[in-house]
Amino acid sequence: MGIVAGLDSSSAFTRIVVCDADTGAVLRQGYAPHPQPTGEPDGASPYETDPQAWLLSLGEAAGGGLLEGVQAIGVSAQQHGLLPLDAQGGLVRPALVGNDKRGQVAAAELVEAFGGRRAWAEAVGSVPHAAQPLAKLAWLARTEPEAARRVAVVMSAHDWLVWQLLGRPARRTTDRGGASGTGYWSAATGSWRPDLVEMALGHMALLPEVLGPADAAGTTPEGLLISAGTGETMAAALGLGLGPGDAVVSLGASGSVMAVHHEALSEPGGLITSLADASGMHLPVVNTSNAVRALRGTAELLGTDLEGLSELALKSTPGAHGLVLLPYLEGERTPNLPHSAGTLSGLRRDSMKPEHLAQAAFEGMLCGLVDALDVLRSRGVEIRRVFLLGAAAELPAVQAAAPGLFGTQIVVPAPADYAALGAARQAAWAHGVARGTLAPHTPPVWPAPAAQVFKPGEEFPSWQAVRQQYVATREEIHPGAF
């Protein structure tokens, strides 16, 4: 079939992988950090950026003939980005990116104005939060009304990059995955909600055309096909080869749990964010405020690091001699306890040892994520495998406890550029459909990534008892939290 490329423009860098379109084998790779602005005034926000930096790092990453012979390219980019453009396609202000807390008040006002959390969950499958482009629009209208009035077109990071690669055509496009994270597109109906854009911004703005998973956004004058592109989360899911029955648990400072499902899901309290994926399926997501931050806090308390904390925990046993840690150090989103604090219970003289506290930290972090996974299970999502992502997934204490606590097979993929690989797979799909060699409803089959696999073993009943004790403790301290 040929050679394709996948481009991932994250918050800090651009990665490009060049792959064999048939096998997915990586032939070449490129990398470049986004250039740092010079002369930036003191107090400049880390959540604002000139997107020209993305193009500069893209050019550097693609240097040295990296894209020679490439027939199609896919674009993955950081999510939650908002690029407000005027009628001529110029930026009215720097792009707003990342988990920008400045939009918290604006988000809360949007929730109230539309009738509460349930109304939002029913309308678009999510409740407004500060990071969403919708909240960023509302913040812009509140704090920079002159700039807001000039906004005529709204795009995300991957939309804008695709548009630039195609030479800024009159047609602007996005994909259903990227659109589903904006706060003004419904995964259930597959349509924009321009009324919500007007509510946030104060007036209407043009929104990109939403392409299907295997559609092409266009072709450059040189004949390079550009696929629809998508957000980093959806691209990584495509790169991992996820399908029905698969869930991903992301171990960052905070945590997230998502699963592939055949339909859009919502939850009246907004615990589920209803995202679409890049293959035609759905990716319901449940977020937690606390994951690895609970491990780091415990490690600092014990004067060690994450690796040392793992070694300590392995000296304990399932149940941590009765210690139970509710890891709500930053409040919590799942369950919705924003003003709560962490709790350590079960203290007795024989449990007050470093190894038991270390074990309780791992069990508390993982049980909090099992809570999130159970929100999806309660809505009929079948889970047969859980993919653990993040550096903490490599810790032996995590790998020892996760199969028994999640109650399913655990897969820890080898480190790789999965978002870039997913973008390349999307490019191969669009290229194959354009040539008539692939079906528009089935992405190309690429080999599964190398991974470690862990299954529940003889200690499974003990781990399930740990889980039950965690739930009992949570219900005692926060009755009715779910």
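**Aromatic contacts, cysteines and a nonpolar surface patch**

In the predicted model, the charged end of arginine 15 sits over the ring of phenylalanine 13, at 4.7 Å from the ring centre; this assignment requires NZ of Lys or CZ of Arg within 6 Å of the ring centre and within 35 degrees of the ring normal. Because the model is predicted, local features need pLDDT of at least 70 and side-chain atom pairs count only at pLDDT 80 or more, whereas totals for chains, interfaces and linings use all residues. Residues are numbered from 1 along each chain as its sequence is written, and side-chain values use heavy atoms, with hydrogens and water left out.

Rings of Phe, Tyr and Trp (the six-membered ring of Trp) were paired if their centres lie within 6.5 Å, and planes under 30 degrees apart count as stacked, over 60 as edge-to-face and the rest as tilted. Four aromatic pairs result from this rule. Tryptophan 54 and tryptophan 160 form an edge-to-face pair, with 5.9 Å from centre to centre and 85° between the planes. Tryptophan 54 belongs to helix α1 (residues 52-61) and tryptophan 160 to helix α6 (residues 157-165), so this pair ties together parts that are 106 residues apart in sequence. Helices (H or I, at least four residues) and strands (E, at least two) are DSSP runs, numbered from the N terminus. Both tryptophan 54 and tryptophan 160 are buried, where buried denotes under 20% relative accessible area, exposed over 50% and partly exposed in between (1.4 Å probe, protein chains only). The rings of phenylalanine 114 and tryptophan 120 make a tilted pair, since their centres are 4.7 Å apart and their planes lie at 45°. Within this pair, phenylalanine 114 is partly exposed at 23% relative accessible area, while tryptophan 120 is buried at 0%.

Helix α1 also contains alanine 53, which is buried with a relative accessible area of 12%. Alanine 53 and arginine 28 are separated by 25 residues in sequence and by 23 Å in space, C-alpha to C-alpha.

Zero disulfides were found in a search of the whole structure, a disulfide being a pair of cysteine sulfur atoms within 2.5 Å. Cysteine 19 is buried at 0% relative accessibility, and cysteine 367 is buried at 1%.

At the surface, Leu344, Leu347 and Met352 make a nonpolar patch of about 290 Å². Methionine 352 is placed in the loop between β21 (343-345) and α12 (354-377) and is exposed, at 53% relative accessibility. Patches comprise residues with over 30% relative accessible area and no salt bridge, like charges being joined within 9 Å and nonpolar side chains (Val, Leu, Ile, Met, Phe, Trp, Tyr) within 5 Å; a salt bridge is a side-chain nitrogen of Lys or Arg within 4 Å of a carboxyl oxygen of Asp or Glu. Accessible areas come from the Shrake-Rupley method with a 1.4 Å probe, and for residues only the protein chains shown count as cover.
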